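I opened the notebook to record what I looked up in this structure. The entries follow the order of the lookups.

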Amino acid sequence: MASNFVSFFTRDRTSFVSKDKTFREKKKDLAEGTLRYDLHKRANASLHSGIDLKHVVKLPADEELNDWIAVHVVDFFNRINIIYGVVSEFCTDESCPMMSGGPKYEYHWCDGAAYKKPAKLSASKYISLLMDWVEQQINNEEVFPVAVGVPFPKNYASSVKKILSRLYRVFVHIYIHHFDKLVGLGAEPHINTCYKHFYYFVNEFDLIEKRELEPLKQLTETLCP
């Protein structure tokens, strides 16, 4: 299962995604030869090996926590982008006029720049802005320094928590509003594995507040006992 999961995120996905979709898939690559690239390869090797995901997310004894988190933030950004890309043609302004996770949870967009106050947006618009925003964050070397010896900023932990909390909302929307489409496409096992990996990681390092996890509480209890 683990090797199939990794293959899903590395193979050509044109068979899943409509050619006329408006969602632009993004991908952040780590520079070869860097510490984080080596960490990324190491983490992926663990996924290929079939090791229990609870163990995979644990910080290796010889690694620095901030680097370990940075690698996973980039990896989750890439994977969640791919998963949303699979269902994006079904997530339209008409089908999903509000970014939500069922009737109880509604998400408003605010980035402090173009949207200085929380704004109600369609799910597709919200997620597009979210992915642009995350991409800007992880490409900003003041937030994610890449040069050896450059320290992480004092607000790094809060920045990472905000990024992961917002990415989690994509899981919420997909599971509650588009899961049937993933099942129909045969992608259910892959999103479930990605979700488990994400959940175990944020839980291991306490990176998302419990209230943010509430929308998928029952699913989490089933998938991540």
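Entry 1, the chain as a whole. I looked up burial first: of the 225 residues in the chain, 50% are buried. I note here that the model is predicted. The accessible surface comes to about 11400 Å², and carbon and sulfur atoms hold 51% of that surface. For secondary structure I find ten helices and zero strands. Read from the N terminus, the order of elements is therefore α-α-α-α-α-α-α-α-α-α. I also looked up contacts with a separation of 6 or more, and 73% of these join residues 24 or more positions apart.

Entry 2, the nonpolar core. I looked up the largest nonpolar core and found 61 residues in it. The residues with the most contacts inside this core are Phe144, Leu164, Leu167, Tyr168, Phe171, Tyr195 and Phe198. Two or more core residues come from each of helix H4 (65-87), helix H5 (123-139), helix H6 (156-177) and H8. H4 gives the largest share, twelve residues. I then took Leu167 and set aside its neighbours within four places in sequence. The contacts of Leu167 that remain are Phe77, Ile80, Leu130, Met131, Val134 and Phe198.

Entry 3, helix H6. I checked the span of H6: its 22 residues should cover 32 Å at 1.5 Å a residue, and the end C-alpha atoms are 32 Å apart, so the two agree. H6 is mostly covered, with 16 of its 22 residues buried.

Entry 4, helix H8. H8 runs over residues 188-204, which is 17 residues. From first to last C-alpha it reaches 24 Å, close to the 24 Å expected at 1.5 Å a residue. How many residues of H8 are buried? I find twelve of the 17, so H8 is largely enclosed by the rest of the structure. Among the buried ones I list His190, Asn192, Cys194, Tyr195, His197 and Phe198. Cys194 has a relative accessible area of 1%, so it counts as buried. Just after H8, I note that Asp206 has a positive phi of about 50 degrees.

Entry 5, Phe205. I located Phe205 in the loop between H8 and helix H9 (210-213). Is Phe205 buried or exposed? Its relative accessible area is 18%, and because the cut-off for buried is under 20%, I log Phe205 as buried. Not counting residues up to four places away in sequence, Phe205 touches Val57, Lys58, Leu59, Leu65 and Trp68. Phe205 and Lys58 are 147 residues apart along the chain, while their C-alpha atoms are separated by 8.8 Å.

Entry 6, Asp75. I looked up Asp75 and found it in helix H4. The relative accessibility of Asp75 is 8%, so this residue counts as buried. The side chain of Asp75 makes a polar contact with the side chain of Arg79, at 2.9 Å.

Entry 7, cysteines. I searched the whole structure for disulfides and found zero. Which cysteine sulfur is nearest to that of Cys91? It is the sulfur of Cys96, 3.9 Å away, and Cys91 is in no disulfide. Because a disulfide needs the two sulfur atoms within 2.5 Å, I do not count this pair. Cys91 has 3% relative accessibility and counts as buried.

Technical notes:
Residues are numbered from 1 along each chain as its sequence is written. This is a predicted model: local features need pLDDT of at least 70, side-chain atom pairs count only at pLDDT 80 or more; totals for chains, interfaces and linings use all residues. Side-chain values use heavy atoms; hydrogens and water are left out. Buried means under 20% relative accessible area, exposed over 50%, partly exposed in between (1.4 Å probe, protein chains only). The expected span of a helix is 1.5 Å times one less than its number of residues. A nonpolar core is a set of buried Ala, Val, Leu, Ile, Met, Phe, Trp, Tyr and Cys residues joined through side-chain atoms within 4.5 Å. Contact means heavy atoms within 4.5 Å. A polar contact is a pair of N or O atoms within 3.5 Å; within protein, one must be able to donate a hydrogen and the other to accept it, and residues adjacent in sequence count only if both atoms are side-chain atoms. Accessible areas come from the Shrake-Rupley method with a 1.4 Å probe; for residues, only the protein chains shown count as cover.
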